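Q: Could you take me through the ligand site in this one? I'd like a close look at what surrounds the ligand and at the parts of the fold that go with it.

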Amino acid sequence: MTGPQIPVFDVRVEPEDLAAVELTLRSGRLREGPRTEEFERAFAEYLGCDHVVAVSSCTAALHIACVAAGIGPGDEVIVPSITFAATANAVRYCGARPVFADVRGSDGDLNVDVDSIEAAIGDRTAAVMPVHFAGYPVEIERLVALCGDRGLVVIEDAAQAVCTRVDGRAAGTFGLAGCFSFFPNKVLGVGEGGALCTNSTEVAERARRLRSWGMMAPAAATGAAPEPADVVELGFNYRFDDLRASLLTSRFARLEREVARRRELVARYRDLFAEMDGVEIGFAAQDLATSSCYLMAVLIDPDSRSGVRQRLRDAGIQTTATPPSTSSRRTSRPSGR
Ligand SMILES: *Cc1c(COP(=O)(O)O)cnc(C)c1O
């Protein structure tokens, strides 16, 4: 075996997962159906929110959340300057402009700074998209209060925050909508997949329509649909399916246990990194019980970076870096036209 002993992420598939998937395969119902609805109900109950709409990815959830929030050309949406590309991309899909707010920085806190968000609010600002980075909660209550005062929508990018809580309340449930990812490297990974949660019946209905070509829900949901369905707006094919939903429901049963283990391991890493020169522990002041502990983040000063990564590699521990160590190139249009 040549791979690292401790990879950045791995997905463990248990016998009960295989059994659940086999059952769905044998049912012959592979598209969105009862297994998807079952997961949506279970996840809504777990989050403590009214509606969950399962979709094909968190990126899709972010996009339809922006559409449902009425974001369009001319609008600005404030996003953190440290996140995954999907957050700002969702804004651009709507023709709006992402505006970057700074992160806090103190005590290794890489989450967006609410003061920096406030400073970035302008006449065109329509919404704010906070990201619970590495699974650590943003100052979401303060942010929601600020946005309430200014008449701004909050859409939470909770891709990394399945199992993150603020005063007992699930991350993703504070804003108009919260968006989650089930990509394999996330806390609850099954493959491509995501979900949008909301307490707004209007947003939920719109999201169900947008994930399915903009068709009116009843015809799209029954599947049999012998009648042509009404297409009432420009929608997408952003649907989930029962195969992945059955795997998700099976894995979901182990979520709390797995995250509890992540928290123990992060506590151990914090102790061990405390003794390493040139390394600052990410989110050092945050209580691990609030975090999904999606990533064990450390900040390394540039001169020590390759040395620290090599020491970890020697110990069989895989790492990734933000920004990547290799320089990225802009993509160009194909030539020869
Ligand atoms: C992974 C990730 C996404 C995108 O999730 P997909 O399900 O792969 O589309 C969006 N935002 C953040 C912060 C992420 O980490």
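A: Here's a walk through the ligand site, then helix H4, then a couple of unusual backbone angles.

Keep in mind that this is a predicted model. The ligand has 14 residues around it, and the closest are Thr 59, Asp 157, Gln 160, Ser 181 and Lys 186. Sorted by character, that shell comes out as 5 nonpolar, 7 polar and 2 charged residues.

Now for the polar contacts. Thr 59 puts a polar side-chain atom 2.5 Å from an oxygen atom of the ligand. Asp 157 deals with a nitrogen instead: an N or O atom in the Asp 157 side chain is 2.7 Å from a nitrogen atom of the ligand. Then there's Lys 186, with a side-chain N or O atom 3.1 Å from a ligand oxygen atom. As for cover, the ligand on its own would expose 380 Å², and the protein buries 92% of that. Which elements give two or more residues to the shell? Those are H3 and H4.

H4 deserves a look of its own. This helix runs over residues 85-93, and its buried residues are Ala 86, Thr 87, Ala 88, Ala 90 and Val 91. What do they pack against? One partner is helix H3 (58-68), and the others are three strands: E2 (76-80), E3 (97-101) and E5 (153-157). So H3 turns up twice, because H3 joins H4 in giving two or more residues to the ligand shell and is also packed against by the buried residues of H4. After H4 comes Gly 95, with a positive phi near 80 degrees.A positive phi is less of a surprise in glycine, since most residues other than glycine have a negative phi.

Two other residues go against that trend. Asp 167 is not a glycine, yet its phi is positive, at about 45 degrees. Asp 167 sits in the loop between strand E6 (165-166) and strand E7 (169-170). Is Asp 167 buried or exposed? With 70% relative accessibility, Asp 167 counts as exposed. Trp 213 is the other case, a residue other than glycine with a positive phi near 60 degrees. You'll find Trp 213 in the loop between helix H7 (201-210) and helix H8 (217-222). Its relative accessible area is 38%, so Trp 213 is partly exposed.

Conventions:
Residues are numbered from 1 along each chain as its sequence is written. Side-chain values use heavy atoms; hydrogens and water are left out. Buried means under 20% relative accessible area, exposed over 50%, partly exposed in between (1.4 Å probe, protein chains only). Helices (H or I, at least four residues) and strands (E, at least two) are DSSP runs, numbered from the N terminus. Contact means heavy atoms within 4.5 Å. A residue is near a molecule or strand if one of its heavy atoms lies within 4 Å of it. A polar contact is a pair of N or O atoms within 3.5 Å; within protein, one must be able to donate a hydrogen and the other to accept it, and residues adjacent in sequence count only if both atoms are side-chain atoms. Accessible areas come from the Shrake-Rupley method with a 1.4 Å probe; for residues, only the protein chains shown count as cover. Ala, Val, Leu, Ile, Met, Phe, Trp, Tyr, Cys and Pro count as nonpolar, Asp, Glu, Lys and Arg as charged, and the others, Gly among them, as polar.
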